[in-house]
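User: I am new to this structure. Could you take me through it in short questions and answers?

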Amino acid sequence: MNLFDVYPLNNITITKALGSYVWDDNGTKYLDMYGGHAVISIGHTHPHWVKRIEEQLHKIAFYSNSIKIPVQQQLAEKLGNVSKKEDYQLFLCNSGAEANENALKLASFHNGKKKIIAFSKSFHGRTSLAVSVTDNPAIVAPVNETDNVIFLPYNDEKALEKCFSEQGNEISSVIIEAIQGVGGIIEATESFLQKIRFLCDKYNAVYIADSVQDGYGRSGQFFAHDYAGADADIYTMAKGMGNGFPVGGILIAPRIKPKHGMLGTTFGGNHLACAAALAVLEVIEEENLIENTKKTGQYLLDRLSETEGIENVRGRGLMIGFDLPENQKNLKKNLLYNQHIFTGEAKPNVIRLLPSLAITKEQVDEFIDALHIEIVSLQELVTA
Ligand SMILES: Cc1ncc(COP(=O)(O)O)c(C=O)c1O
């Protein structure tokens with residue numbers, strides 16, 4: 001049987017990983033500035049994470065949500081402390097799309113309304129509602145098309161106000177990434193996020209902060225959206241939450257009340273996933289990784305800003321992007337095959353950096369040195 005061929009693959013097989021490095025089956029070492037798409041938060045195969053999962057595996061890996069699972073409560077408490085959202089409630093699931101799906105559905109249960117506001121260049125996942133609020137017609141199947149979603153331009157306060165003033169009574173929720181990831185590292189302004197908060201309060205709508213990529217410390221704050229000083233009603237999480245173990249979740253404001261049967265899942269919140277997620281939070285705290293993200297992220301941003309040959313360096317913490325001029329369009333590929341460095345991209349010409357939150361200044365220097373070599377070599381190719 002063949003695999004269903006939906007992914008363009010690099011011809012590399014990774015067989016080992018540790019911290020910010022991975023090794024292929026020939027023993028070649030790669031620096032990972034991509035974190036398997038923002039997933040590796042505390043570093044590959046972190047010993048505490050491995051130990052926690054291993055210990056849990058020997059006790060019990062899974063039982064359904066029909067019994068008490070104390071490790072879920074431990075996770076909720078730890079997450080409340082680290083994120084400073086102690087009064088929020090936690091619902092656990094398995095992925096980012098599922099987190100958004102549950103958030104949008106919960107918002108609609110909560111206020112009984114149907115319409116959702118989403119924004120240009122957004123990406124929220126591939127399940128039915130999540131893909132409907134994603135601004136990419138190429139991945140929306142006819143069956144996912146719905147009149148319930150209104151797309152507005154990102155950061156356009158006037159358009160948002162107009163939409164609420166015309167349809168506020170029908171709007172159930174607003175979903176937004178504070179820093180668009182797939183969209184190319186674009187930040188929402190503080191006043192735009194504050195405006196969303198204000199209008200959601202005014203019209204009884206739910207503010208959903210999609211924190212799947214920019215959350216969990218990646219921006220240098222636990223939730224990126226909080227740089228605006230306005231709390232969301234629901235924060236959705238996945239990627240960095242399990243450091244590679246599949247786990248997602250939503251944090252729900254106290255004013256949104258649960259009812260038995262309202263949401264549910266077979267695998268969400270299983271013992272193993274909770275152990276992995278707890279290990280991640282313990283390491284984030286123990287190793288001051290949010291502080292490291294701020295400091296080392298700023299260092300990376302500064303070094304990139306001084307680098308000639310790339311454009312529009314931007315981002316926060318360890319979620320950084322820059323544009324490639326036409327003569328540098330092979331930079332990502334050359335970094336991978338010549339310098340053995342993984343980076344991410346956003347179409348059409350953005351390089352996205354999403355390394356582990358534990359990356360060091362020395363590893364940033366290693367990346368910058370390699371970047372300079374490849375930029376110069378592509379420039380020389382053009383002038384030759
Ligand atoms: C902002 C954002 N939301 C949701 C998702 C979907 O997450 P998943 O692939 O875990 O379903 C992604 C994935 O890239 C994302 O970047």
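User: In which helix is L335 found, and is L335 buried or exposed?

Analyst: This is a predicted model, where local features need pLDDT of at least 70, side-chain atom pairs count only at pLDDT 80 or more, and totals for chains, interfaces and linings use all residues. Residues are numbered from 1 along each chain as its sequence is written, and side-chain values use heavy atoms, with hydrogens and water left out. L335 has 0% relative accessibility, so it counts as buried (under 20% relative accessible area; exposed is over 50%, partly exposed in between; 1.4 Å probe, protein chains only). Its helix spans residues 331-339 and is helix 10 (helices are DSSP runs of H or I, at least four residues; strands are runs of E, at least two; both are numbered from the N terminus).

User: How far apart in space are L335 and L251?

Analyst: In sequence, 84 residues separate L335 and L251. In space, taken C-alpha to C-alpha, the distance is 38 Å.

User: Which strands stand at the edges of the open sheet with the order 1-2-3-15?

Analyst: The sheet has 4 strands, and its pairing is mixed. Strands pair if DSSP finds at least two bridges between them. An edge strand here has a single partner strand, so one side is left without a neighbour in the sheet. That describes strand 1 and strand 15 (341-342).

User: In which sense do strand 3 and strand 15 pair, and what is the bridge partner of D32 in strand 15?

Analyst: Strands of a sheet pair through backbone hydrogen bonds, either parallel or antiparallel. Strand 3 (residues 29-32) and strand 15 share 2 bridges, in the parallel sense. The partner of D32 is F342.

User: Over how many bridges do strand 1 and strand 2 pair, and which residue in their hairpin takes a positive phi?

Analyst: Strand 1 (residues 14-18) and strand 2 (residues 21-24) run in the antiparallel sense over 4 bridges. In one of these pairings, I14 has D24 as its bridge partner. The hairpin has 2 residues between the strands, and the residue with a positive phi near 60° is G19.

User: How many aromatic pairs does the structure hold, and what is the geometry of Y21 and W23?

Analyst: Rings of Phe, Tyr and Trp (its six-membered ring) pair if their centres lie within 6.5 Å; planes under 30 degrees apart count as stacked, over 60 as edge-to-face and the rest as tilted. The structure holds 11 such pairs. In one of them, Y21 and W23 lie 6.5 Å centre to centre with 50° between the planes, which is tilted. Both Y21 and W23 are buried.

User: What kind of aromatic pair do F223 and Y235 form, and which residues make up the aromatic cluster?

Analyst: F223 and Y235 lie 4.2 Å centre to centre with 20° between the planes, so the pair is stacked. F223 sits in the loop between strand 10 (206-210) and strand 11 (234-237), while Y235 is in strand 11, 12 residues apart. F223 is buried at 1% relative accessible area, and Y235 is buried at 0%. The cluster is Y88, Y216, F222, F223 and Y235.

User: How many residues surround the ligand, and which helix gives the largest share of the shell?

Analyst: With a heavy atom within 4 Å as the cut-off, 13 residues surround the ligand, the closest being G96, A97, D210, Q213 and K239. The largest share, 3 residues, comes from residues 96-111, helix 4.

User: How far is a polar side-chain atom of K239 from an oxygen atom of the ligand?

Analyst: A polar contact is a pair of N or O atoms within 3.5 Å. A polar side-chain atom of Q213 lies 2.8 Å from a ligand oxygen atom. For K239, the distance is 3.0 Å.

Technical notes
Polar contact = N/O pair within 3.5 Å; in protein donor to acceptor, adjacent residues only side chain to side chain.
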